[in-house]
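Load the model and keep a selection panel open. The stops below go from a strand and its partners to charged side chains.

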Amino acid sequence: MCRLEELTENICRLGLHWTNWCLGISARKITQSLTLTVGLIFFVIYWRNHSVIKKLDHNHGIESREITQLIDFNKDFIGISRNTDINCGKIFENDKTAIRNARDLAESYKREYRMWPKKYQELARNCASFRSTRGYMDTPVNEEEAKFPIAISVLVFKEIDAFERLLRSIYRPQNVYCVHVDTKSDDSFRAAVLAIVNCFENVFMASKSYPIWYDDPNMLLADLGCMRDMLNTGVDWKYYTNLAGTDFPLRTNLEIVKILKVFNGFNDVEGKLTSDDIWRWKEINDRVPLKLQPLKGSIHVTVNRDFAEYVMTNRTAADLLTWVHEAHYPEEIYYSTLNHNPKLGIRGSFSDYSVRKRFLGRYVVWNDDDVCHGKFVHEICIFDLRDLPSLSKKYEMFANKFDITDSFAFDCMEERILNRTKEEILGNTQFNVSYYQDYISALSEYILP
């Protein structure tokens, strides 16, 4: 929607009896113009009351826009060419014939629609066209979503098309995104990521990049670097979550917003202590800061802004970071230890790690942990088409891992998120948050205010 000044200027240019008003020549014309102006103001007020409008002032250059139906409903799959013989809807319903047909097709289908780094660089030369043709949301779905910005980091290494399609599935203009590219990635991949990132005001490359290895502090340092960058954006985001390039959302952005509002500050951080975990820090346990109890968890977290600020500004958090550098798999210890030692007093942290709680940020199937129809790589399930029916019933916000190179599962997951978003725009769906309400209610006595 144009601002009032822009509307006035345009009317002046059209010569609709405003010329003399614009020049300030005639008192009689001023009176007439004021009358027209009052009428125009009432028209604008009426228009505003019958449009869903939200000003996104993030000190980030995002101007007022009308929240409207931007997705082209004549396309089944925006920006993606896929084989229409695959019936994703039936696959999610666990239709054996649809799954079998899709798997047979996947065995022989040459994924010619995959796009390579150079192609993304070419497309991103025209950012307006790139954002439009690739189907990015230029506005929030509604005001509830617009008022709840989220900070999201993504650590990537390869598969540019998987990264771009993940970004599109989680992108909203009110959010802020930090992308860390492993320094071991090839130059063409990094250049393509940079080209994509440069097409968005609220997406940026991490200010410092690291080579990522297993059992090495760099994975944690890369994540913390993005967290610091997020705090410096000026965007008043409410929660921070971190993703890998192999993740994909199980929930739309609006659904995640509704979940986080139910969380109301609760930090979704995995944490456990068993005899099998102590070896990770046994040799340095006598030097842990403040005699904190170390715990094992996941590097993937969903934490409130106060938690992030504590990590960046508190001396104990800094000392703990130095300490975990000498532990095995420090990225699996740092956040868990901060969130499960109540003496630190971090808002939304957990007071009793012995109480069993669910990790809702990420659904991962470890070897022998749950059913996996795909294959295990580094003891983690790479989901297959046959896993989609169960994934559609999960309460977690994201799932890991998907492989874009050998399965149509990625395609169907993307179609599912797109279709659910379409229904949200049309107002045809209601997300039931009762599970999350019951979950938080059961844990409320253990959550630090």
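Which residue in β8 is the bridge partner of Thr241? Select Thr241 and look across to β8: the partner is Thr302. Keep in mind throughout that this is a predicted model.

**Strand β6 and its partners**

Select residues 239-244, which make up strand β6; 6 of the 6 are buried, so the strand is largely enclosed by the rest of the structure. Colour the two faces separately. Tyr239, Thr241 and Leu243 lie on one side, Tyr240, Asn242 and Ala244 on the other, and both sides are covered.

Next, add strand β8 (residues 302-304), which pairs with β6 in the antiparallel sense over 3 bridges. Then add strand β3 (residues 150-156), which runs parallel to β6 and is joined to it by 6 bridges. In this pairing, Ile150 stands opposite Tyr239.

**Phe148**

Step back to Phe148, in the loop between α8 (143-146) and β3. Is Phe148 buried or exposed? Its relative accessible area is 12%, under the 20% cut-off, so Phe148 counts as buried. Now select Lys258 as well: the two residues are 110 apart along the chain, yet their C-alpha atoms are separated by 9.3 Å.

**Salt bridges**

Side chains of opposite charge can pair when their charged atoms come close. The model has 23 salt bridges; a few are visited here.

- Select Arg131 and Asp138. Their closest N and O atoms are 2.7 Å apart. Arg131 is buried at 16% relative accessibility, while Asp138 is partly exposed at 29%.
- Select Arg315 and Asp319, which form a salt bridge of 3.1 Å, N to O. Because they are 4 residues apart in helix α14 (residues 315-324), about one helical turn separates them. Arg315 is exposed at 63% and Asp319 partly exposed at 31%.
- Select Arg358 and Glu396, with closest N and O atoms 3.2 Å apart. This pair links distant parts of the chain, 38 residues apart: Arg358 is in the loop between α15 (334-339) and β9 (362-364), and Glu396 in the loop between α16 (388-391) and β12 (398-400). Arg358 is partly exposed at 31%, whereas Glu396 is buried at 5%.
- Select Arg165, Arg168, Asp411 and Glu414 together. Salt bridges with shared partners join these residues into one network.

**A negative patch**

Finally, switch to a surface view and select Asp368, Asp369, Asp370 and Glu379, which form a negative surface patch. Glu379 is in the loop between β10 (375-377) and β11 (380-382), and its 52% relative accessibility makes it exposed.

Technical notes:
Residues are numbered from 1 along each chain as its sequence is written. This is a predicted model: local features need pLDDT of at least 70, side-chain atom pairs count only at pLDDT 80 or more; totals for chains, interfaces and linings use all residues. Side-chain values use heavy atoms; hydrogens and water are left out. Patches are made of residues with over 30% relative accessible area and no salt bridge: like charges are joined within 9 Å, nonpolar side chains (Val, Leu, Ile, Met, Phe, Trp, Tyr) within 5 Å. Accessible areas come from the Shrake-Rupley method with a 1.4 Å probe; for residues, only the protein chains shown count as cover. A salt bridge is a side-chain nitrogen of Lys or Arg within 4 Å of a carboxyl oxygen of Asp or Glu. Lys and Arg count as positive and Asp and Glu as negative; His and the chain ends are not counted. The place of a charge is taken as NZ of Lys, CZ of Arg, CG of Asp or CD of Glu. Helices (H or I, at least four residues) and strands (E, at least two) are DSSP runs, numbered from the N terminus. Buried means under 20% relative accessible area, exposed over 50%, partly exposed in between (1.4 Å probe, protein chains only). Two strands pair if DSSP finds at least two bridges between them.
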